[in-house]
Structure formats: C-alpha cells, structure tokens
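Good morning, and thank you for the opportunity to speak. Please take a moment to look at the sequence and the structure before I begin.

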Amino acid sequence: MAGLRVDFGLFLEPLGFIKVLEWIFSIFAFATCGGFQGETTLLVSCKGVVNKTVTAAFAYPFRLNTVVFSAPDPKRCGGTWTDVYLVGNFSSSVQFFVTLAVLVFLYCIAALVVYIGYKHVYQQNSKFPLTDLAITVVIAFLWLVSTFAWAKALADIKMSTGASIIPGIESCKAPGTTCRFASVTSMGTLNVSVVFGLLNMVLWGGNVWFVYKDTNLHNQSNRISQSPGIYPTQRGI
C-alpha cells in the first residue's frame, strides 16, 4: 500500500502507548454496563399467599418504567394486586455513556492505524495533528459529562430498585397485604463502569498535552521562546 511504513516502535512512545490504553479502557467502559441484567425481588403475603416471591427483571438500557413485577398468584391476591412498575427511565444517560465508549473504541483503532503505518504522513501534514488535538479535547470533555451523568443515573437506579420502593407500591397498602424487600442484583459491574469512565476522562485529559506537542502550535511557541531577544539600536543624541 502506497505510503505505508509500519513502525511498532511507536508503542514505546507516550502517544502510542496512551492510545492503546484509551482503546482498552473504552472496551471495559461499555462492556461493564452494556450487557447488564438484574432483578428486584419482593416477598408478598396476601389473601391465600404467604411470602410469595415476586420479581421485576431489568437490564440495559434501564427503562425501568416499562418493568413490571410478576403477580403473587393467578388470582392476584383476590383482585387487590394491580400491576406494579418500577420508576424511572435512565436510558439517555447510559446510552450516551456506552455510545461514547464505542465511538472512542473505533476512533482509537483508526488513530493507531495512522500512528503505526502513516506516522510520516501524520507529521508532515500539520492538519492531522491539529485535528487529533481537537478530537482529543472534545472526547476528554465528553468523558467528563457522560461519566458524571451516568454516575448520577446509577445512583437513581439503585434507589429505584432498592428497599425504598416499598412505600410507593399501592398494592402493598391493601388490607391484609404485606410486602417485604428481599434482594436486588449486585451492581458491582456498573460501579466498575463508572470507575473506567473516570479513568478514561483522566487519560484523555492527560493525553491532550502529548498530542499538543505534535502540533505546529507547540513548535511555534518553542521557536518564539528560544529566539534571541531583539532590541532597538540606541542612537546617540
């Protein structure tokens, strides 16, 4: 292929090594929350039913307001049990986070191809480093926004699937009906996704400097700082 000069030595340089880390961390970011599945379990006692397990299964992208608990029995507690839904729709925050991670994953692959095979073209054309710098700054900012949005949504998901949902269930207030919270699926992997979001934010923010050093903006500032001072010639009076 014309212009292709493969150089794997770039992996030993900060620019290439950090790009590999960004690629790996983006995989962990979307993998740890994109396939999550869980359920909330209650124990219901009502007419003809004692400690019956009812569950509400939820998953990515966490449209909880479409998730309904199973009925305690076919007779629905003598007709007193109505459909009980979880509360909240957190799809926008988590899909923003996952979509960004997937796009970053693809961008890192493209960038690594350029770094490894076309580094000479990248260095000779000043537009490539400037474009890379602009994209790096934007992605660092998007990691900041998406991670904090997802962290807030995750906290709300835990509230909407935890023990605090019991007081809001009208069917549990019917005479002769009692509801107890039993369990909810551990969300440890979702916590890990937030951690990787923060790591990606730090990684991309720090990489701004290394990408900036490859641009002509950095080279110009170096030339200006290293050029000798020019003083006007003093003339005698």
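**Helix H1, its partner and the salt bridges**

Let me start with helix H1, which covers residues 14–34. H1 has 21 residues, and the distance from its first C-alpha to its last is 30 Å, close to the 30 Å expected at 1.5 Å a residue. I should say at once that this is a predicted model.

Which residues of H1 are buried? They are Leu15, Gly16, Ile18, Lys19, Glu22, Ser26, Ala29, Thr32 and Cys33.

Let us now turn to the packing of helices. In general, two packed helices are described by the angle between their axes and the distance between the axes. For H1 and helix H3, residues 91–117, the angle is about 150 degrees and the axes lie 8 Å apart. Since angles over 145 degrees count as roughly antiparallel, H1 is therefore roughly antiparallel to H3. The crossing of H1 past H3 is left-handed. What kinds of residue make up the contact of H1 with H3? There are 20 nonpolar residues, two polar and two charged.

My next topic is salt bridges. How many does the structure hold? There are four, and I shall describe some of them.

One salt bridge takes us back to H1. There, the side chains of lysine 19 and glutamate 22 meet, with 3.1 Å from N to O. Why are these two residues about one helical turn apart? The reason is that they are three residues apart in helix H1. Both lysine 19 and glutamate 22 are buried.

Another salt bridge joins arginine 76 to aspartate 83, and their closest N and O atoms are 2.7 Å apart. Are these residues buried, partly exposed or exposed? Arginine 76 counts as partly exposed because its relative accessibility is 29%. Aspartate 83 is also partly exposed, since its relative accessible area is 45%.

A further salt bridge lies in helix H5, residues 127–161, where lysine 152 and aspartate 156 are four residues apart, about one turn of the helix. The closest N and O atoms of lysine 152 and aspartate 156 are 2.7 Å apart. Lysine 152 has a relative accessibility of 51%, so this residue counts as exposed. Aspartate 156, by contrast, has a relative accessible area of 26% and is therefore partly exposed.

To close, I would ask you to keep two points in mind. H1 runs roughly antiparallel to H3, and both residues of the lysine 19 and glutamate 22 pair are buried. Thank you for your attention.

Technical notes
Residues are numbered from 1 along each chain as its sequence is written. This is a predicted model: local features need pLDDT of at least 70, side-chain atom pairs count only at pLDDT 80 or more; totals for chains, interfaces and linings use all residues. Side-chain values use heavy atoms; hydrogens and water are left out. The expected span of a helix is 1.5 Å times one less than its number of residues. Buried means under 20% relative accessible area, exposed over 50%, partly exposed in between (1.4 Å probe, protein chains only). Axes are lines fitted to C-alpha atoms, for helices over the stretch in contact, and angles run from 0 to 180 degrees between N-to-C directions. Angles under 35 degrees count as roughly parallel, over 145 as roughly antiparallel, 65 to 115 as roughly perpendicular and the rest as oblique. A crossing is left-handed if the near helix is turned anticlockwise from the far one by less than a right angle, and right-handed if clockwise. Ala, Val, Leu, Ile, Met, Phe, Trp, Tyr, Cys and Pro count as nonpolar, Asp, Glu, Lys and Arg as charged, and the others, Gly among them, as polar.
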